[in-house]
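Let's take a stroll around one strand and its neighbours. Have a look at the sequence and the model first, then read on.

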Amino acid sequence: MLIYLIAGEASGDALGARLITALRRRDPLLTFAGIGGDRMAEAGLTSLFPMRELALMGLVEVLPNIRRLARRLDETSRDIAARRPAAIVTIDSPGFALRVAERVRPLGIPLIHYVAPQVWAWRPGRVAKIRQRVDRILCLLPFEPVIFEQAGIPATFVGHPVLESGADTGDAARFRAAHGLREEERVLIVMPGSRRIEVRRLLPIFGATLRVLPGRMPGLRPAIPVPPVVAEHVRAGATDWPARPILVETPADKHDAFAAAAAGLIKSGTSSLEMAVAGVPHLIAYRVNPLTAAIVRRLVRVPYASLVNLLAKREVVPEYLQERATPEALAVALQSLLMDTAAASGQRAAFGSVLEGLHSPGLMPSEAAAETVLSAVHQTRSPGFSAHPDCPAGL
């Protein structure tokens, strides 16, 4: 029985790998195909094409790649039609994933989208299109299922995968010994993103921030967790930093870096939840193309960019977005976080209650997701199942 998975970026690759592992625990005879990165390849998936081609973000950034993306969309749709999998699981990356879902919908294959599109944050009108393209949504946040079920889309809260990321399992002493850190050196986690466009925009700002800091905070050593897709770009972009950065390229070393860290300077997104799991006080920064930002600002419906802040319903983690994300402002905020123990302790205290709400009852997130996927497959194969009304005869 074949399960077809589609992921478009590093976080989806990690999610897909854990889902494959959980599915295989339940049925060792399952096979897997689709689009993924290194983590999904290690779990047993051969990618149709390199996942990095889909790791694009922002309205303006996508436009130059439209024709190539259209070709990949055609290629993926044909591959699904030829393979006829038992189920299709699209993981995040809704711009590409939901277009594939629209194309293959008439085949009558169960379509499950993992990571709910953030309709609660912006563009609520997308719900109608989503309802036409997927059979179920696997939600990471506890308040999401009711939003989709009210719109007629079955949804299941499976818990947030950050809970099984291992972010809280690191060894600080091992990290310091492995990288020859002196006793007086303090580790600063720097996370500019997993997409090349994010790295191009944020890495120079983060580097400039560190050039402002040395006089105020001597002995600060940056550690940069980097997925393979952006490793060379980060390495080249950080050569002129005042303190030689430590490039962290394995999950185990990343978790050790978290354990050793005094603070974090990171991009917004799931990284903020990782920092919360690891108990690392941090601030977030983000920039996109100014035109993209202007459009998003007209559409956005939530007060915060950080998931930690959204779940806490207050600004636990300082946010520096667009024109506020300047080296001087970030340096001042970092200095405060590194020197003010009350500020750091306040963040750590808030992390516990935020993370408590991300647990799904009974199962770890990947296990709950696997149960839901297999349930959809078994329902499809039951005698009472009726294919999608547009499904061609005989499919």
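Here, "buried" means under 20% relative accessible area, "exposed" means over 50%, and "partly exposed" is in between, using a 1.4 Å probe and protein chains only. Helices (H or I, at least four residues) and strands (E, at least two) are DSSP runs, numbered from the N terminus. This is a predicted model, where local features need pLDDT of at least 70, side-chain atom pairs count only at pLDDT 80 or more, and totals for chains, interfaces and linings use all residues. Residues are numbered from 1 along each chain as its sequence is written, and side-chain values use heavy atoms, with hydrogens and water left out.

Now for strand 1. Leu2, Tyr4 and Ile6 point one way from it, Ile3, Leu5 and Ala7 point the other way, and all are buried. Six of the six residues of strand 1 are buried, so the strand is largely enclosed by the rest of the structure.

What order do the strands of the sheet take? The open sheet has seven strands in the order 3-2-1-4-5-6-7, with parallel pairing; two strands pair if DSSP finds at least two bridges between them. At the edges sit strand 3 (46-47) and strand 7 (155-157), each pairing on one side only.

Strand 1 pairs in the parallel sense with strand 4 over five bridges, and with strand 2 in the parallel sense, also over five bridges. Here's who stands opposite whom:

| Residue in strand 1 | Opposite residue | Strand of the opposite residue |
|---|---|---|
| Leu2 | Thr31 | strand 2 |
| Tyr4 | Ile88 | strand 4 |
| Leu5 | Val89 | strand 4 |
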